[in-house]
Amino acid sequence: MSTATIYARISLDATGEGAGVERQERECRELCERSGWEVSEVLVDNSISATSGKLRPAFERLLESKPERIVCWHLDRLVRLTPELERVLELSVDVHTVAGGKLDLSNPAGRAVARTVTAWATYETEQKGERQRSAHEQRRRQGRPFWVRRPFGYNMDGTLRESEAALLRRAYAQVLEGASIAGIARAWREAGVRTTETRNKPEGGEFRPTTVRGLLIHPRNIGKLTRSEGGGVHTELDTYGTWAPLVDEDTFRRVERELTRPGRRQAASTKRTGLLTGLLFCASCDGAMRVFSQTQRGKTYRYYCCTKRCNAWPREWLDEHLSETALALLSSPSFHPASEGEGITEEVHAARAEVERLRGLVGELLEDRREGLLTREQWRTEQAATTAKLAEVEGKLEGLERGRGGLAVDKLDREGMLAWWQDRERGQDGRRELLRHLFGAITCAPRGRGSKAKPDRSLLAFERNGWANDLALRIITPSTGEGDPEGE
Ligand SMILES: [Zn+2]
């Protein structure tokens with residue numbers, strides 16, 4: 001039985017003729033079956049183009065194997081360049097194609113056909129490149145847009161896409177009003193604004209601060225031509241394109257100055273202040289650990305990290321862990337701050353006593369009324385007066401305990417600190433102040449590389465209230481921590 005070797009090659013040609021490898025192989029096998037040939041081997045090249053001159057391993061193997069005959073889908077799958085054809089011709093074998101029938105390469109007429117087909121394929125490829133080059137050149141000379149990808153704010157023909165252009169103009173104004181690029185990017189993400197479509201991502205992508213920044217400083221928006229320097233860097237040319245400017249040049253220049261000002265990025269990053277910023281230090285390099293973030297597959301992870309990047313801890317885990325430790329300390333009656341009583345004025349003691357007395361009185365009044373010792377009228381009057389007084393004294397005490405009466409956090413007793421901690425109005429800054437007072441500097445030993453490494457509370461050391469470490473070890477684990485909170 002005579003044999004045939006099937007050769008197939010992937011093609012991304014969008015000609016419609018470009019059949020997938022599976023279909024090429026299937027139809028070649030059918031041809032072999034019809035003709036009564038046994039398929040001795042199927043060789044497939046995954047290279048995209050035969051014209052790039054790149055080595056095609058399966059093609060090389062095909063030539064070496066000296067097949068009895070070659071079966072392929074079309075001659076252009078097998079060879080695209082004349083030198084390759086000549087190598088096939090040297091084999092003196094028949095080539096059978098699904099799409100074009102048999103090429104009898106054993107006679108001069110058949111070889112002439114094969115050479116002509118290949119020459120035309122080569123010519124076509126070269127023409128295509130030449131046409132593209134001259135079209136680009138012409139458009140560049142005429143100042144017409146020759147964008148590979150639709151820029152945000154524009155249509156491919158250079159007209160404005162008004163919905164996007166309006167967003168950009170608003171962003172220019174926001175930057176001049178002092179808005180952060182990260183804030184603008186966040187607002188766009190939340191509003192569902194997407195980057196422009198690409199072939200692989202027809203739905204566009206999410207906006208990142210760098211994308212927004214790059215968009216705002218692109219000279220295209222004032223109608224100027226640019227030369228791409230690669231890596232997203234564009235040099236402004238002194239020529240205007242034919243497309244509509246999106247923003248006036250004055251606004252553009254002011255925003256450009258602001259966004260390229262040295263220190264601008266630095267200023268933005270120091271705004272990312274965490275609950276523990278200023279309290280955390282790296283055990284390896286002694287450096288302060290600050291918040292930084294990293295985005296992977298669309299998810300943003302925030303870490304406390306030293307500037308040498310030798311030690312990183314998940315921000316949420318540390319914030320929660322230290323918060324819970326502080327709360328457990330403050331809720332434990334056995335915790336006595338060193339300053340206990342020192343800052344507690346007579347006024348606070350008196351107010352606390354008064355609150356106790358008034359709360360008791362409210363209960364007594366109710367009992368007296370139940371036993372009929374007071375008329376309904378008397379009870380109402382007494383009750384109203386007492387609760388009003390209670391509310392007043394409680395308010396005063398609260399103010400004193402939260403330091404609004406002039407007490408700093410280091411002058412508070414345990415209850416005062418607890419009230420301080422729970423006062424939402426103090427916010428993150430107030431809590432940080434209290435944490436600093438409770439723990440002092442917190443040293444973090446490196447916890448190992450990789451996101452799989454679990455945060456381990458035993459790697460934390462407190463400057464003050466060292467015994468808090470023991471407490472911290474016993475505290476119920478933060479729920480949102482990475483991995484097993486027990487850590488061991
Ligand atoms: Zn470090």
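The paragraphs below follow selected salt bridges through this predicted model. Side chains of opposite charge can pair when their charged atoms come close. Across the whole structure, a search for such pairs finds 22 salt bridges, and three of them are described here in sequence order, beginning with a pair in helix 1.

Helix 1 spans residues 21-35 and holds both Arg23 and Glu27, which are 4 residues apart, or about one turn of the helix. The side chains of Arg23 and Glu27 meet in a salt bridge, with a distance of 2.9 Å from N to O. The two partners can also be described by their accessibility: Arg23 is partly exposed, with a relative accessible area of 33%, whereas Glu27 has a relative accessible area of 18% and therefore counts as buried, since that value is under 20%.

Further along the chain, Glu162 is joined to Arg169 by a salt bridge in which the closest N and O atoms are 3.0 Å apart. Here Glu162 is partly exposed, its relative accessible area being 44%, and Arg169 is likewise partly exposed, at 33%.

The last pair lies in helix 9, which covers residues 249-260 and contains Glu249 and Arg253, again 4 residues apart and so separated by about one turn of the helix. The side chains of Glu249 and Arg253 form a salt bridge of 3.1 Å, taken from N to O, and Glu249 is partly exposed, with a relative accessible area of 31%. This pair belongs to a network, in which salt bridges that share partners join Lys224, Glu236, Glu249, Arg253 and Glu256.

Definitions and conventions:
Residues are numbered from 1 along each chain as its sequence is written. This is a predicted model: local features need pLDDT of at least 70, side-chain atom pairs count only at pLDDT 80 or more; totals for chains, interfaces and linings use all residues. Side-chain values use heavy atoms; hydrogens and water are left out. A salt bridge is a side-chain nitrogen of Lys or Arg within 4 Å of a carboxyl oxygen of Asp or Glu. Helices (H or I, at least four residues) and strands (E, at least two) are DSSP runs, numbered from the N terminus. Buried means under 20% relative accessible area, exposed over 50%, partly exposed in between (1.4 Å probe, protein chains only).
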